[in-house]
Amino acid sequence: MPRITPNLWFDTQAEEAAQFYVSVFPNSEITRVSYYGEAGPRPAGTVLTVEFSLDGQPCTAINGGPEFTFDEAVSFAIDCADQKEVDHYWERLTADGGQESQCGWLKDKYGLSWQVVPAELGRLLADPDPARAQRAMAAMLKMQKIDVAALRNAADSL
């Protein structure tokens, strides 16, 4: 089976972003850095690509130039066991210029979109009681960072 590797296009921040991402996620590391040579198009010695893994998921960052930027059409979802994990990733990824969005979505300081998703959200939205699931959905739609306790309270309210 072929391995699928996300490739992230940056202007000049590929190495900085990779270092940031491996600091946020456990079991992560930078595995290889390559550099532009004399053929360009950037100055020789400038970082071209950074290969790294995020908890075992291989990724590549490239300093390709300012032509392309991130938007919400592509995002990375982080499956979180509990509120503590949600809070950890939310705080780390919104730090230093990241932006909160809604329904558990955010953009990090590089403009990359992330979904910080507690396991409880999926369980509540798939509840066999449709009214309970709809109350959880209505509560989630009003949130930025997902609050597990508030979701449960909404689902259980009548």
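Two strands count as paired if DSSP finds at least two bridges between them, and strands (E, at least two residues) and helices (H or I, at least four) are DSSP runs numbered from the N terminus. With that in hand, let's start the tour.

This is a predicted model, in which local features need pLDDT of at least 70, side-chain atom pairs count only at pLDDT 80 or more, and totals for chains, interfaces and linings use all residues. Residues are numbered from 1 along each chain as its sequence is written, and side-chain values use heavy atoms, with hydrogens and water left out.

Select strands 5, 8, 7 and 6: they form an open sheet in that order, with mixed pairing. Strand 5 (75-80) and strand 6 (99-100) stand at the edges with a single partner strand each, so one side of each lacks a neighbour in the sheet. Now add helix 2 (residues 83-94), which packs on the sheet and touches strand 5, strand 6, strand 7 (105-107) and strand 8 (contact: heavy atoms within 4.5 Å).

Next, go to strand 4 (residues 57-63). Of its 7 residues, 5 are buried (under 20% relative accessible area, 1.4 Å probe, protein chains only), so the strand is largely enclosed by the rest of the structure. Show alanine 61: it is the bridge partner of leucine 8 and also of valine 50. Strand 1 (residues 7-10) pairs with strand 4 in the parallel sense over 4 bridges, while strand 3 (residues 47-54) runs antiparallel to strand 4, joined by 6 bridges.

Finish at serine 53, in strand 3. Its relative accessibility is 12%, so serine 53 counts as buried.

Notes: Buried < 20%, exposed > 50% of the residue type's maximum accessible area, 1.4 Å probe, protein only. Axes fitted to C-alpha atoms, helices over the stretch in contact; angles between N-to-C directions.
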